[in-house]
Amino acid sequence: MTTLATRPAPAPSRSGTRTGRRVAVTVAAALALLLTVLASFALGSRQLGVDQVWHALVAPDGGDASTIVRELRIPRTALGLAVGLALAVAGVLFQALTRNPLAEPRILGISAGASFGVVLAISVFGVSTLAGYVWFGITGALLAGLLVFAIATRAREGASPVTLALVGAALDASLASGVYALLSIDARTFEEYRFWVVGGLAGRDLSVTAQVLPFVLTGLLLAALVARGLDALALGDDVARGLGHRVGLVRLGGGLAAVLLTGAAVAAAGPVAFVGLAVPHLARALVGADHRWTLAVSALLGPALLLGADIVGRIIAPPGEIPAGIVTALIGAPLLAVLVRRAKVVTA
C-alpha cells in the first residue's frame with residue numbers, strides 16, 4: 001500500500017507576520033482610545049457610573065449627570081481627540097521632514113507663531129474669548145510656517161532638514177521675544193495669556209473644536225497623501241528622486257500638513273508639551289518606520305495620551321484640576337526617556 005507524502009505548509013512570510021503585528025497594534029490602540037474616551041466621560045471631580053454616562057448620551061434628562069457629560073465632558077473630550085491627533089501626526093511629519101528624532105511642533109517656530117497671534121489678539125485687538133483666539137493663533141502659525149519655508153528655500157542648499165531646523169529655531173526665538181515684550185508692558189494681556197499658555201482642555205466649548213476641525217482634517221488628508229514619499233525621503237533626497245518621488249512637492253505637502261495641524265492644535269488648546277515628541281517614538285517602536293502605519297497609530301495614541309493626561313489632571317487634586325499640558329509634560333518626559341533607552345533601529 002502506498003501513501004502520498006504531504007508537503008509541509010509554507011512558513012508565513014516575514015512581511016505577512018509584520019503586517020499582522022501592525023494590524024494587531026492598530027486595533028489595540030483603537031481600543032485603548034475608545035476606553036480613554038469612555039473614561040473621559042465618567043471620571044473627574046465627580047465620578048459617574050457607566051449607566052449614568054449611557055443615559056446622559058442617549059437619553060438626557062436634564063439632571064446633574066446629563067449636564068456634566070453633555071456640557072462639560074463631551075466638549076473637552078472632543079477637543080482632546082482633535083488636538084491629540086493633530087499634535088501626534090504633526091510630530092511624525094516634523095521628525096520625517098527634518099530627519100531629526102527630537103523634532104516636534106516647536107522646531108519650525110510654528111508654536112511661537114501661534115502664541116504671537118494669540119498675544120496680538122489680546123493686546124491689540126482686545127479679543128477676550130478662546131473662540132476668538134483660535135483664528136489669530138492659526139493665522140500666526142500659518143504665517144510662521146510660510147516664513148520658515150520661504151527663507152529656507154532661498155538658502156544655498158534649499159529647504160534641507162538642517163536649514164529648516166536652523167531657520168525655525170531662529171524664528172522661534174524671535175517670536176518668543178516679541179511675545180515676552182508684549183506681555184511685559186500689558187498686565188491684562190498677561191492675565192489672559194497665562195490661562196491659554198499652560199495648555200489644556202478645560203473651558204473650551206464645542207465651537208472651538210468646530211473651528212479647528214477643518215484645518216485638522218485638511219492636515220490629515222495631506223499627511224496621508226505624502227506618507228509614501230516620507231518613506232523615500234528617509235533614504236535621502238537623491239534616492240527619493242531615483243524612486244520617482246518629487247522631493248520638493250513631498251516636503252511642501254508634508255510641511256503644509258504639519259503647519260495646519262500644529263496651528264490648529266496650539267491655537268485651540270495652547271502649547272501642549274511632549275505629545276508631538278513622544279508619541280511618534282512610541283508608534284515607531286510598535287509598528288516600525290513605515291510612515292503609513294506610524295501616522296495611523298500616532299493618530300490613535302496621541303488623543304489617548306492627551307485625554308489620559310486630562311483625566312489624571314481632573315482627579316489628582318479635587319475639586320480643582322491640573323491642566324493637561326502640565327500632566328503631559330510629567331508623563332511624556334519619563335516615557336520618552338524609557339523609549340530612548342530601549343531604542344533600536346527599526347525597518348519598514
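A salt bridge here is a side-chain nitrogen of Lys or Arg within 4 Å of a carboxyl oxygen of Asp or Glu. By that rule, the count in this predicted model comes to six.

**View 1. Arg46 and Asp64 reach across a stretch of chain.** The side chains of Arg46 and Asp64 meet in a salt bridge, at 3.7 Å from N to O. The two partners are 18 residues apart, and the pair links distant parts of the chain: Arg46 is in the loop between H1 and helix H2 (50–58), while Asp64 is in helix H3 (residues 64–98). How open to the surroundings is Asp64, buried or exposed? Asp64 is exposed, with a relative accessible area of 55%. Arg46 comes out as partly exposed, at 37%.

**View 2. Asp310 and Arg76 pair up in a buried spot.** Here the salt bridge joins Asp310 to Arg76, with 2.8 Å between N and O. It links distant parts of the chain, since Asp310 is in helix H12 (residues 291–315) and Arg76 is in helix H3, 234 residues apart. Asp310 is buried, with a relative accessible area of just 2%. Arg76 counts as buried too, because its relative accessibility is 10%, and the cut-off for buried is under 20%.

**View 3. Asp290 meets Arg292, and a network comes into the picture.** Asp290 forms a salt bridge with Arg292, and their closest N and O atoms are 3.0 Å apart. Asp290 is buried, at 6% relative accessible area, whereas Arg292 is partly exposed, at 43%. Elsewhere, which residues do shared salt-bridge partners join into one network? They are Arg76, Asp310, Arg314 and Glu321.

**View 4. Leu93 sits among the best-connected members of the nonpolar core.** The largest nonpolar core has 94 residues, and the ones that touch the most other members are Val83, Val89, Leu93, Phe94, Leu108, Tyr193 and Leu230. H3 gives this core its largest share, 16 residues. Take a look at Leu93: leaving aside neighbours within four places in sequence, its contacts include Ala223, Val226, Leu230 and Gly254. Also on the list for Leu93 are Ala257, Ala258, Leu261 and Leu295.

**View 5. Helix H4 is mostly covered.** H4 spans residues 110–123, and its end C-alpha atoms are 20 Å apart, which agrees with the 20 Å expected for 14 residues at 1.5 Å a residue. How many of those 14 residues are buried? Eleven are, among them Ile110, Gly113, Val118 and Ile122. The buried residues of H4 pack against H3, helix H5 (130–153), helix H6 (161–185), helix H7 (187–197) and helix H10 (247–269).

**View 6. Ser115 is a buried residue of H4.** Ser115 lies in helix H4 and is buried, with a relative accessible area of 8%. What does Ser115 touch, once neighbours within four places in sequence are left aside? Its contacts are Val179, Tyr193 and Trp196. Tyr193 turns up again here: it is one of the core residues that touch the most other members.

**View 7. A nonpolar patch shows on the surface.** Val23, Val27, Leu31, Leu34, Leu35 and Leu38 form this patch, and together they have about 550 Å² of accessible area. Val23 is found in helix H1 (residues 14–42). Val23 is partly exposed, with a relative accessible area of 38%. In soluble globular proteins, nonpolar side chains tend to be buried together.

Technical notes
Residues are numbered from 1 along each chain as its sequence is written. This is a predicted model: local features need pLDDT of at least 70, side-chain atom pairs count only at pLDDT 80 or more; totals for chains, interfaces and linings use all residues. Side-chain values use heavy atoms; hydrogens and water are left out. Patches are made of residues with over 30% relative accessible area and no salt bridge: like charges are joined within 9 Å, nonpolar side chains (Val, Leu, Ile, Met, Phe, Trp, Tyr) within 5 Å. Accessible areas come from the Shrake-Rupley method with a 1.4 Å probe; for residues, only the protein chains shown count as cover. Helices (H or I, at least four residues) and strands (E, at least two) are DSSP runs, numbered from the N terminus. Buried means under 20% relative accessible area, exposed over 50%, partly exposed in between (1.4 Å probe, protein chains only). A nonpolar core is a set of buried Ala, Val, Leu, Ile, Met, Phe, Trp, Tyr and Cys residues joined through side-chain atoms within 4.5 Å. Contact means heavy atoms within 4.5 Å. The expected span of a helix is 1.5 Å times one less than its number of residues.
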